[in-house]
Amino acid sequence: MPRSSLPGMPLKVMTLNILMGGEERMPLLLALIARENPDVLVLQECLGWEDGERLRQVAAALNLPATDAHVRLGTARPRPSGSRYHVAVVSRLPLRSARAHANAHFIGHCLLECELETGAEPLTLFAAHFDSHHEALRFVEARYLRSLIEPAAFGALDFILAGDLNSLSRADPYPVDLADRVRRARVDKYGHPPRFDVIDDLEAFGWLDTLRLKPGSPQWATARRQREGEVIDFRTDYVFASPSLARRLIAAQVIDAGTASDHHALTASFSDA
């Protein structure tokens, strides 16, 4: 492990939707992951990863052992097609515990709750992939997430929410004609007009959007979509921090994934205490 994230060292978190398990793009994904070298990595759409082989490849790219202390696969509930869009966490910080939430009444894919060892108070990570179909379903997930967190602890301790939330933030610089453009493009998942309920609710609870708090560059979109002659930039990928952890934020940045995925990666870097 060439870099430590125990107390006194910085922490880099990265999230990336790898698109349908990575498939033939795995070499590109592994190169991206190795280049960014995060301390905590959250991956979505890990289809077909049950055998552990691709998790081992990711761990090797970060010079980590593929043991339960450093890698976990959150088993997603099956979609109507039978596919399971798993969520994975690979962490340089030892994983004290991990619990996958995948109740179909509340969760679109999987919410993986992890406690990471820091040498002091544990860091709680929620690795997420919210429902891709409707804002009302994602709002249920946001409220379920609330139910897992004691507000007093959230105000005092370090928490991270990272993943593809399939939700839009009103703080991002969308064009004034976004509603018309998504209608012409027949993009229905955000509603007509597009809704911002999920991110509004998360921020009302106290989560702080690291990219809006300290952007490391002007780049903000993580997913460009071209449909029906319309080209629209969206951001659905986030790293949120609790207030105590946000005070240590250095910067957050969108990382161009090229052809490795249809999403760009997002990183957030935090200083030592």
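Tutor: Let's start with a word we'll need: a residue counts as buried when its relative accessible area is under 20%. Keep in mind that this is a predicted model.

Student: Okay. What makes strand β12 largely enclosed by the rest of the structure?

Tutor: Check its residues against that cut-off. β12 covers residues 237–241, and five of the five are buried, so the strand is largely enclosed.

Student: And how do you know which faces of β12 are covered?

Tutor: Look at each side in turn. Asp 237, Val 239 and Ala 241 sit on one side, Tyr 238 and Phe 240 on the other, and all of them are buried, which leaves both faces covered. The general pattern behind this is that side chains in a regular strand alternate between the two faces of the sheet.

Student: What makes β8 and β9 pairing partners of β12?

Tutor: Two strands pair if there are at least two bridges between them. β8 (residues 159–164) is joined to β12 by five bridges, and these strands run antiparallel. One pair to look for is Asp 164 with Asp 237. β9 (residues 208–209) has two bridges to β12, again in the antiparallel sense. There, Asp 209 has Phe 240 as its bridge partner.

Student: Why is β7 called largely enclosed?

Tutor: Use the burial test again: seven of the seven residues in β7 (residues 123–129) are buried, so this strand is largely enclosed too. Leu 123, Leu 125, Ala 127 and His 129 point one way, while Thr 124, Phe 126 and Ala 128 point the other way.

Student: Which strands does β7 pair with?

Tutor: β6 (residues 110–116) pairs with β7 in the antiparallel sense over seven bridges, and Leu 116 stands opposite Leu 123. These two strands form a hairpin with six residues between them, and Gly 119 in the turn has a positive phi of about 90°. β8 pairs with β7 over six bridges, but in the parallel sense. Here His 129 has Asp 164 as its bridge partner.

Student: Now the helices. Why is α3 called roughly parallel to α6?

Tutor: α3 (residues 135–147) and α6 (residues 197–205) pack at an angle of about 15°, with axes 8 Å apart. Angles under 35 degrees count as roughly parallel, so α3 gets that label relative to α6. Their crossing is right-handed.

Student: Which residues make the contact?

Tutor: From α3 they include Phe 139, Ala 142 and Leu 145, and from α6 they include Val 198, Leu 202 and Phe 205. By class, the contact has seven nonpolar, no polar and six charged residues.

Methods. Residues are numbered from 1 along each chain as its sequence is written. This is a predicted model: local features need pLDDT of at least 70, side-chain atom pairs count only at pLDDT 80 or more; totals for chains, interfaces and linings use all residues. Side-chain values use heavy atoms; hydrogens and water are left out. Axes are lines fitted to C-alpha atoms, for helices over the stretch in contact, and angles run from 0 to 180 degrees between N-to-C directions. Helices (H or I, at least four residues) and strands (E, at least two) are DSSP runs, numbered from the N terminus. Angles under 35 degrees count as roughly parallel, over 145 as roughly antiparallel, 65 to 115 as roughly perpendicular and the rest as oblique. A crossing is left-handed if the near helix is turned anticlockwise from the far one by less than a right angle, and right-handed if clockwise. Contact means heavy atoms within 4.5 Å. Ala, Val, Leu, Ile, Met, Phe, Trp, Tyr, Cys and Pro count as nonpolar, Asp, Glu, Lys and Arg as charged, and the others, Gly among them, as polar. Buried means under 20% relative accessible area, exposed over 50%, partly exposed in between (1.4 Å probe, protein chains only).
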